[in-house]
Every structure is written in structure tokens, then in C-alpha cells.
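User: I've got a structure open and would like to talk through a few spots in it. Can we go piece by piece?

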Amino acid sequence: MTMKGRISRIGSYAIASSIRDRNQQPCITCTTFNILAPIYKRFNHKGHSCRESDYRAYWLARNHRILDWLLYEKSSIICLQEFWLGNQELVSIYERRLGDAGYIIFKLGRTNNRGDGLLTAVHKDYFRVLNYRESLFNDCGDRVAQLLHVELLSPFSQSRSNDIHQDILIVNTHLLFPHDSTLSLVRLHQVYKILQDVESYQKEYKLNPMPIILCGDWNGSKRGHVYKFLRSQGFISSYDTAHRYSDADAHKWVSHRNHRGNICGVDFIWLLNPNRYRKLLKASWTEAVFGMFKFQYLLRRASLTEYDAFAFLKADNDSDYITYSGFCEALRQLNLTGHQHGLTVEETKDLWVQADTDGDGVLDYKEFQQQIWKPSWSEQRDETINEVQDNVMKGNQVQTVGFSVKNAVLFPPEVEKGRWPENYSLSDHARLTVVFSPIGMPCSKLIS
């Protein structure tokens, strides 16, 4: 079967065709793909366990196939993870083939010379690159992220008035794999840093609100804390939006078979439109950490009521309130502090300040219930909404581009039904491609 026939069968051809159809509204596409670095790909060769990186013919052929698929789809944005930056021959092949196809390429290796990293490519027919930033997490996983600030080009600019801002922020990342429970907090830290860097960048350049697209291998499913954290910030999962899946539909699709043989959905293209109401970032972070506290407590304790959890936080205190020392001891027992990957002393103090709403130095049952066990953070959210509404009433409004999700496809097609095909050898991850349609939308200006 020809390449075109295979893509048509899985639906990716339909995506590529819709972009090239001039009769349709202009669209852009975004592809994220963990391409499994040859230094990590294991296989049996003559009865011995080997790494693909030792066999040039194998990794060369597989990566040419990956490029064949990418170049046929011709996505406007390509975000790759586990790109083998340690091999200059492979790097040169990607640079040559993508460059010849019209892509502007950015590469970033993981810290401490881990060998792999990220590649982000944007097509020059669709975007003008305004700026590029790198985020180095400098953590136990040596993880990194790329941030691109781009501007949409024609035909989008021709279909919209000149006073509409058409800037976009694109992020590519690969979070740490949760080898044990202590690393869940590291992953949450990584996402928090990404959002802090995005927020800092927008404030530094006094940028008006714009769409933010987060791509990558998040190494966590829709059931995890990272997913809930990003949702609390207003981000939507593009694939789930296209297929009308709810947050509870975690079993409907998968995108990865990990080294333990488990299949799960971990590859996402997140979208945040500029008109979305967002919680304050610190409020979302605090809520996420307290959500992790609740999860760890329910996992380790036989008593599942909130009153039992309140008593657990009180420790040996016989009074009706929680002290700071009891709070710290509970976090230590739940493995959220006391090790190199845990919360710092400063972060622990900050959590305490967020929970102690009346500032009297102790937490009563009401504060525990509202701030830790069942946090709503409605006050912070309402302030953000009111600020946006006040800006609109004062005329502090700008027309900007946003996106609607038109379509999304995972390859191989079996993963869209929650199954992993045994004959798939391109990677241990599925490739995700999303079609976005630009739309104009009003939003409040950034007030510095």
C-alpha cells in the first residue's frame, strides 16, 4: 500500500487535505510526537538485548520513516520529544529534510548531556518567529522546555483586519516519568515553572493576551495532578475537545506503551484561548499540592473521612486546631517533604499562609475544610473575573486571534480505541495531530 493510501486509511490524510483545500477556512495544524531516541529503544538482536543506537541501519531507517510521515502531513507546527541530539548525523538529516520543506527549526538538549532533547519546527509559510526562549528545570530529570513567540502570516492576515493581534505562544516539553510517588511532585513543579515562565515572558514584554499552545509528552494521564492543574488554569485538551470527551473519559484513548508494558494516554496538545477566565497561578498551584496531599492521605490511611484527616494533621495536638508543626509533620509523613524532591521550606510556609486565611497562626476545622480538603479558591477566581470585566467596561479591550479545535487524530488508529497494536514500530508513542481554525475574539488588555 502506498504512503498516501496508508494515511488515508487512518484519517491523517483527511487532516492534511483539509488544510490544503482552498475552499475551506484557513487552518493551521500542530503535531506532537515522542519519537523514542535510539539510545532508549531496546530490542532483541540474535538473542541479546540491545540498544537501537548501536545499529545505524535500524535507527536511520526508522527516523527516515518518521520524517516521511511528518513531511507528508506538513503540519504548521511540529513538536518532537526524545530527539537524539547526541548524534550529529541524525540531527543533520532532520535539519536538512525539514529545512528543505520550509521549516524553521529550534533544538534544545536536556541538561547534563543526557543525549536527547526537544525539536520544535514551525513552517515559514504560516509563521514569523518573534522570539525564542529556553527553560531549564535543573531538576533530577534534567528536563527542559522550549517557548516560541510567533505571529500568524497570510492567508490569515488577509482575512482579518489589521488591528487584530495575531501572536501565539507555543511550548514544547517532555515531563519526567513518575518512577515512584515522590516524583509526582517534581512533575507538578515542572508544569508550574513552565506556566511561570510563560507568565513572566508576557509581563516582561507587556504583551496582550494571546493563545497558548502547550505540546508534548506529559508522562501522566487525565487522572493525574498535572492534568487537573492545567485544567484549573483554563487549558483544554485539544484531542478531547475534538472528540467531545469529558475529563472523566480517561479510558477512551491511549498514546503510549511504557517500559513497564502499560498503555496510557500521556501525549497532549493543550490550548488556552486569550478570552478564557483563569485562576491565579499561585492559587492553582496551592490547590494542586493540597490535592496531592488528599490523594496521598486517602492512599495510605484506612480512615477516609475529612474529620479523620483533620485529626491526622493535628498530630498529638489535643486542641481543635492545626499547628504549623503538625502541618509540617503531616506533609513529611505523606512523603511531600523531607527528601530532595519534596517541597522546600519556603514552599511549605507559603502553603501554610495560603491555608491560614485569617492569619492567626493556626488552622481551624473550617479553614482545613475550605482550603485543604475541598478547596474552591472562589475568592481568587472571582477577583480575576472581576478584573477582566472591569477592564472591558473601561474600554481596556483588544481584538486578538484565538483558535477553535476543528479535528484531531492519533496514529496508529488503534490507540483511538484504547488499544496498542503489536505491529507498530515507529515509536513507543502515538503521533497526535490537531487542526486549529483561527477566530477573532475580544479580550482585556494586559494591565501592568
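User: Along strand 2, which side chains point to one face and are buried?

Analyst: Keep in mind that this is a predicted model. Strand 2 covers residues 42–45, and its side chains alternate between two faces. R42 and N44 point to one face and are not buried. The buried ones, pointing to the other face, are F43 and H45.

User: Which residue in strand 3 stands opposite R42?

Analyst: Strand 2 and strand 3 (residues 48–51) run antiparallel, joined by 4 bridges. In that pairing, the residue opposite R42 is R51.

User: And in the hairpin of those strands, which residue takes a positive phi?

Analyst: The hairpin of strand 2 and strand 3 has 2 residues between the strands. The one with a positive phi, near 55°, is K46.

User: Is T120 buried or exposed?

Analyst: T120 sits in strand 6, which spans residues 117–123. Leaving out residues up to four places away in sequence, T120 touches several others, among them I78, F106 and L148. Its relative accessibility is 1%, and the cut-off for buried is under 20%, so T120 counts as buried.

User: Which side chain makes a polar contact with the side chain of T120?

Analyst: T120 has a list of touching residues that includes Q146 and N172. A polar contact at 3.1 Å links the T120 side chain to that of N172.

User: Where do the buried residues of helix 10 fall, seen down its axis?

Analyst: Helix 10 runs over residues 324–333, and G326, F327, A330 and L331 are buried there. Seen down the axis, these buried residues fall within an arc of 135°, so they line one face of the helix. That fits the usual geometry: an α-helix has 3.6 residues a turn, so residues three or four places apart point the same way. The answer, then, is within an arc of 135°.

User: Which residue with a positive phi follows helix 10?

Analyst: Just look past the end of helix 10 for a phi near 65°. The residue there is N335.

User: How many disulfides does a search of the whole structure find?

Analyst: A disulfide is a covalent bond between the sulfur atoms of two cysteines. Cysteines do turn up in different settings: C27 is buried, at 8% relative accessible area, while C264 is partly exposed at 21%. Even so, the number of disulfides found is 0.

User: What share of the residues in the protein is buried?

Analyst: The protein has 13 helices and 16 strands. Of its contacts between residues at least 6 apart in sequence, 73% join residues at least 24 apart. Out of 448 residues, the buried share is 53%.

Definitions and conventions: Residues are numbered from 1 along each chain as its sequence is written. This is a predicted model: local features need pLDDT of at least 70, side-chain atom pairs count only at pLDDT 80 or more; totals for chains, interfaces and linings use all residues. Side-chain values use heavy atoms; hydrogens and water are left out. Buried means under 20% relative accessible area, exposed over 50%, partly exposed in between (1.4 Å probe, protein chains only). A polar contact is a pair of N or O atoms within 3.5 Å; within protein, one must be able to donate a hydrogen and the other to accept it, and residues adjacent in sequence count only if both atoms are side-chain atoms. Contact means heavy atoms within 4.5 Å. The arc is that of the directions from the helix axis to the C-beta atoms. A disulfide is a pair of cysteine sulfur atoms within 2.5 Å. Two strands pair if DSSP finds at least two bridges between them.
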